[in-house]
Amino acid sequence: MESPSSNLSKAEASSATPLVSVVIPAYNASEYIAEALDSVMAQTFKNYEVIVVNDGSPDTEQLERALEPYKDRIIYIKQKNRGPSGARNTAIRAARGEYIAMLDSDDAWLPAYLAEQVRILSDNPDLDMIYADAWLSGDADLPHRTFMEGAPSRGPVSFESLLRYDSSIITSGAVAKRQTLIDAGLFDEAFIRCEDFDLWIRVAHRGGKISYQKQILAKHRAHAASLAADTVKMVESQIEVLKKAQRTLPLTDEQRKLIETQLAHCAAQIDLYLGKQYFHEGEFQLASEALRRANVFYQSIKLRVVLWFLRASPGLLRFADRARRNISRARMARSR
């Protein structure tokens, strides 16, 4: 592989300044990155550059072998491991495009992705960022076919709507003005999870205009090896992002109250998840304690019924849950 400096010079010499810089962080990415790059090369919109950052990946030899067919069409940068935030920041700083289009190495775009995203940004010059929907695929049980089916965006995007998860953004579906990301401080390299959520709320808090379209323009792969696969760690990271916002952003009283509510919600989510996990492991007392804590927030009649059965007849409840899950799996299998 060529060195980053010579590769960058070659890319600059081969084309005029691109409108879009495609940013792809790569860590243990050799298995999927060809599919991601093929989806970029298949775009109907062609005014882009591609920056791949090898973030100290342990599979560098295999990764560079996978990148070999694309070496004349990408800017390749190697660095010591700094996590997904550090890899994206390196690429954004090296980017020449007005817009940054982020693509995770195990995701892909449909051919019209860049054309449709850039069209909206060009038609709305005051818009800082646009995101779209994505098909979901992978080796995990997926209760929804698209990202927005599971996390719908409702109404205008704002700091508050992001905090309430009324606006949920998939990183591989987002295109933003490069300067907007820089002005917001780029990705916080202290986070390896929810680093995107942290950046989006900072963009919105400082007045950045974010919008979305419900077109399905990307493909998102959900699998056990991804950083998002650990539910508890993901919610714990959300808590850290919310606490950072409390410490660092000038907030109104209403915004502070909203963050406190969301912190309580996150704690309840963790207890709910742990309660289910304990239940499936047969730890009924621990399950009851965790679900009782969760229900302080949720105030759910369904949870009250579950708690009653946990005390009165946990075996019957476990039998009913197994039957429910078997029916759910059968329905999902038929829908595929």
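**Figure 1. The charged end of R88 sits over the ring of F187, 5.1 Å from the ring's centre.** Welcome to this predicted model! Our opening close-up has a second ring to look for, because F187 also forms an aromatic pair with W200, and with 70° between the planes the pair is edge-to-face. The two ring centres are 6.2 Å apart. Where do F187 and W200 lie along the chain? F187 belongs to the loop between α8 (178-183) and α9 (195-205), while W200 is part of helix α9, so the pair ties together parts that are 13 residues apart in sequence. F187 has a relative accessibility of 3% and so counts as buried. W200, at 2%, counts as buried too.

**Figure 2. F297 and Y298 form an edge-to-face pair.** Here the planes of the two rings stand at 85°, and the centres are 5.4 Å apart. Are these residues buried, exposed or partly exposed? F297 is partly exposed, at a relative accessible area of 32%, and Y298 is also partly exposed, at 28%. The structure holds 7 aromatic pairs, so there are others to hunt for, because rings count as a pair if their centres lie within 6.5 Å.

**Figure 3. The whole chain puts the close-ups in context, with 14 helices and 8 strands.** How much of the chain is buried? Of its 336 residues, 49% are buried. The accessible surface comes to about 16,400 Å², and carbon and sulfur atoms account for 53% of that area. Now think about which residues meet: taking contacts between residues at least 6 apart in sequence, 74% join residues at least 24 apart.

**Figure 4. The largest nonpolar core brings together 88 residues.** Nonpolar side chains in soluble globular proteins tend to be buried together. Which members touch the most other members of this core? They are V22, I33, L37, V50, V52, L181 and W200. Pick out V22 and look around it: beyond residues up to four places away in sequence, V22 touches V40, Y48, E49, V50, I51, A101, W109 and L114. There is also a second, separate core of 8 residues, and its members include L272, L291, L307 and L310.

**Figure 5. Helix α3 (residues 60-67) has the buried residues T60, L63, E64, A66 and L67.** How are these buried residues arranged around the helix? Looking down the axis of α3, you would find them within an arc of 155°, so they line one face of the helix. A helix makes this easy to picture: with 3.6 residues a turn, residues three or four places apart point the same way. On the face turned away from the buried side of α3 you will find the exposed residues E61 and R65. The buried residues of α3 are covered by elements including β1 (20-26), α2 (33-41), β2 (48-55) and β3 (75-79).

**Figure 6. I33 sits in helix α2 and has a relative accessibility of 0%, so it counts as buried.** Which residues does I33 contact, leaving aside its neighbours within four places in sequence? The answer is I24, A26, V52, L63, A66, L67 and S105. For one of these, A66, try following the chain: I33 and A66 are 33 residues apart in sequence, but their C-alpha atoms are 7.4 Å apart in space.

**Figure 7. W109 lies in strand β5 (residues 108-109).** W109 is buried, with a relative accessible area of 3%. Setting aside neighbours within four places in sequence, W109 is in contact with V22, S39, V40, Q43, A101, M102, L103, L114, S172, L217 and A218. One of these partners, S172, is 63 residues away along the chain, and the C-alpha atoms of W109 and S172 are separated by 8.2 Å.

**Figure 8. N28 and L186 each have a positive phi, although N28 is not a glycine and neither is L186.** For N28, phi is about 50°, and for L186 it is about 60°. Where are they found? N28 is in the loop between β1 and α2, and L186 is in the loop between α8 and α9. N28 is partly exposed, with a relative accessible area of 44%, whereas L186 is buried, at 6%.

Note on methods. Residues numbered from 1 in each chain as written. Predicted model: local features only at pLDDT ≥ 70, side-chain atom pairs only at ≥ 80, totals over all residues. Heavy atoms only, no water. Phe/Tyr/Trp six-rings, centres within 6.5 Å; stacked < 30°, edge-to-face > 60°. Helix = DSSP H or I, 4+ residues; strand = E, 2+ residues; numbered from the N terminus. Buried < 20%, exposed > 50% of the residue type's maximum accessible area, 1.4 Å probe, protein only. Lys NZ or Arg CZ within 6 Å of the ring centre and 35° of its normal. Contact = heavy atoms within 4.5 Å. Areas by Shrake-Rupley, 256 points an atom, 1.4 Å probe, with all protein chains shown as cover. Core = buried A, V, L, I, M, F, W, Y, C linked by side-chain atoms within 4.5 Å. Arc of directions from axis to C-beta.
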